[in-house]
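Work through the exercises below with the structure open beside you. Try each task before reading its solution.

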Amino acid sequence: MDFQRTKSTFELAGRGFPRVTWYKQRGMRGLYVCLLFVVLTSATNGYDGSMMNGLQSLPQWEHYYHNPSPSQLGLLNCIMSVGSICAIPFVPYTADILGRRTGVMIGCTIMCRILGVVLQTLGFTYGMFVGARFFIGFGVAIAHGASPLLITELVHPQHRAIYTTIYNTTWYIGSLVAAWLTFGTNKIQGNWAWRAPSLVQVFPSALQMIFIWFVPESPRWLISKGESEQALRVLANAHAQGNEQDEVAIHEKAHSNSDNDVDNLKDCIDEQLLLFLVATAGMLVSFVVWTICSARFAISGSKAAADIVVLMIFVFYVFYNTAWSGLLVGYGVEILPYNIRAKICYCVWLVFELFIVWKFHIETRNTPLEEIVKHFDGEGAIIGGDAAYEKSRQ
């Protein structure tokens, strides 16, 4: 397989150009450092999920909210997703109409992270805490929809796949930080045991709001708005140390409205598709072993089988993170053309889901669990304890 990093050149629009070292290029070096704060969008998402798991295990949090009932906990854990779903219609148009950089700023402030986190930290009532979770979900969706687009469309073609893939993997960094922080604040007596981890969540978004001003707008978005000269200046400053006559910058500008370049597709087939295949095959094998050993442990109580199950859990996620974690974002933004990249086909997918639910899901509202079999075997299905045993025996 031909990995481009082993070559002295990289391909752009069917032509070979000398490879560059990012930390030796003035404009590129500064851009990549500032884009790290855009990458924080994914890390803060991981922080939030882990933090909420931790808060619900804190006695101080449970006591303050009078031991929430199972239904209240269910609402609390799903409301962020509800906020994100409600934001979906706004996500692509925010990024396409207002700009990728503006989308990140809106996601971090007006629609939410900072607003939602402040409300969540105060959390005077359970309803206020739940409402804050909704705002956080709304803002996360907007920022998460714009951030990888801004990264992909600003990073040099030579580094684009690597930098974009790093984006989603930082979820685990945020998750680890939140888990350890919540574990540590458990020793605090009083409500700051849960308010402190919540308050810390505001700092990454605050850093993003500061450093986003040092990140230029996406050149592809500028071209879509008729700002071709400004787009060339951005590309030249980011990739060619300000030289607007640089061939790479000129070629990028010329091909910015065409995302089906041969080199992009070749990269997907030679490298990314292979990663998907290896990762998925590894997940399959490890999960099969995991399942078999779980069954053996249930039957015989074998300690060896239990140890293998624990090992397979780690192996499974190693393979998962080899491709799926990072390339869920990277693959999509690379292969989709500009005009639908921000939408990521959410609308089409939701229509598909709606059809599946309407056509194939079964209404079970008035059916006891013991009689569910009637929906699959017909009204003549044998139900009940003794009858079911007889059917099974036959």
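**Exercise 1. The nonpolar patch**

Which helices each supply at least two residues of the nonpolar patch?

Solution. Keep in mind that the model is predicted.
Step 1. List the members: Trp171, Tyr172, Val310, Ile313, Phe314 and Tyr317 make a nonpolar surface patch of about 560 Å².
Step 2. Assign them to helices. Helix H9 (171-185) and helix H16 (303-335) each give at least two residues to the patch.
Step 3. Find the main contributor. H16 provides the largest share, four residues.
Step 4. Check one member. Phe314 sits in helix H16. Its relative accessible area is 59%, so Phe314 counts as exposed, the cut-off being over 50%.

**Exercise 2. The largest nonpolar core**

Find which residues touch the most other members of the largest nonpolar core, and which helix gives the largest share.

Solution.
Step 1. The largest nonpolar core has 29 residues, and those touching the most other members are Leu35, Leu150, Ile151, Leu154, Tyr163, Ile212 and Val215.
Step 2. Two or more residues of this core come from each of helix H1 (26-55), helix H5 (100-108), helix H7 (126-154), helix H8 (160-169), helix H12 (219-224) and helix H13 (228-239).
Step 3. H1 gives the largest share, seven residues.
Step 4. Take Val215 as an example. With neighbours within four places in sequence set aside, Val215 contacts Cys34, Leu35, Arg101, Leu150 and Leu154.
Step 5. There is also a second, separate core of 14 residues, with Tyr65, Phe129, Ala178 and Trp194 among them.

**Exercise 3. Salt bridges between helices**

How many salt bridges does a search of the whole structure find? Examine the pairs Glu153 with Arg100 and Arg160 with Glu252.

Solution.
Step 1. The search finds five salt bridges.
Step 2. In one of them, the side chains of Glu153 and Arg100 meet at 2.9 Å, N to O. Glu153 belongs to helix H7 and Arg100 to helix H5, so this pair ties together parts that are 53 residues apart in sequence.
Step 3. Classify both partners, using under 20% relative accessible area as the cut-off for buried. Glu153 is buried at 3%, and Arg100 is buried at 0%.
Step 4. Turn to the other pair. The side chains of Arg160 and Glu252 form a salt bridge at 3.7 Å, N to O. Arg160 lies in helix H8 and Glu252 in helix H14 (residues 247-254), so parts that are 92 residues apart in sequence are tied together.
Step 5. Arg160 is buried, with a relative accessible area of 8%, and Glu252 is buried, with 7%.

**Exercise 4. A salt bridge within one helix**

Where do Lys303 and Asp307 lie, and is Lys303 buried or exposed?

Solution.
Step 1. Lys303 and Asp307 form a salt bridge, with 3.1 Å between the closest N and O atoms.
Step 2. Both residues lie in helix H16, four residues apart, about one turn of the helix.
Step 3. Lys303 counts as exposed at 61% relative accessibility, whereas Asp307 is partly exposed, with a relative accessible area of 41%.
Step 4. Elsewhere, salt bridges that share partners join Asp96, Arg100 and Glu153 into one network.

**Exercise 5. Two annotated spans**

How far apart are the end C-alpha atoms of residues 114-142, and of residues 162-184?

Solution.
Step 1. An unreviewed UniProt entry gives the annotation "transmembrane region" to several spans, including 114-142 and 162-184.
Step 2. For residues 114-142 the end C-alpha atoms lie 13 Å apart, and the span is 90% helix and 0% strand.
Step 3. For residues 162-184 the end C-alpha atoms lie 34 Å apart, and the span is 96% helix and 0% strand.

Key
Residues numbered from 1 in each chain as written. Predicted model: local features only at pLDDT ≥ 70, side-chain atom pairs only at ≥ 80, totals over all residues. Heavy atoms only, no water. UniProt positions renumbered as here; feature names shortened; annotations may be inferred. Patch = residues over 30% accessible without salt bridge, like charges linked within 9 Å, V, L, I, M, F, W, Y side chains within 5 Å. Areas by Shrake-Rupley, 256 points an atom, 1.4 Å probe, with all protein chains shown as cover. Salt bridge = Lys/Arg side-chain N within 4 Å of Asp/Glu carboxyl O. Buried < 20%, exposed > 50% of the residue type's maximum accessible area, 1.4 Å probe, protein only. Core = buried A, V, L, I, M, F, W, Y, C linked by side-chain atoms within 4.5 Å. Contact = heavy atoms within 4.5 Å.
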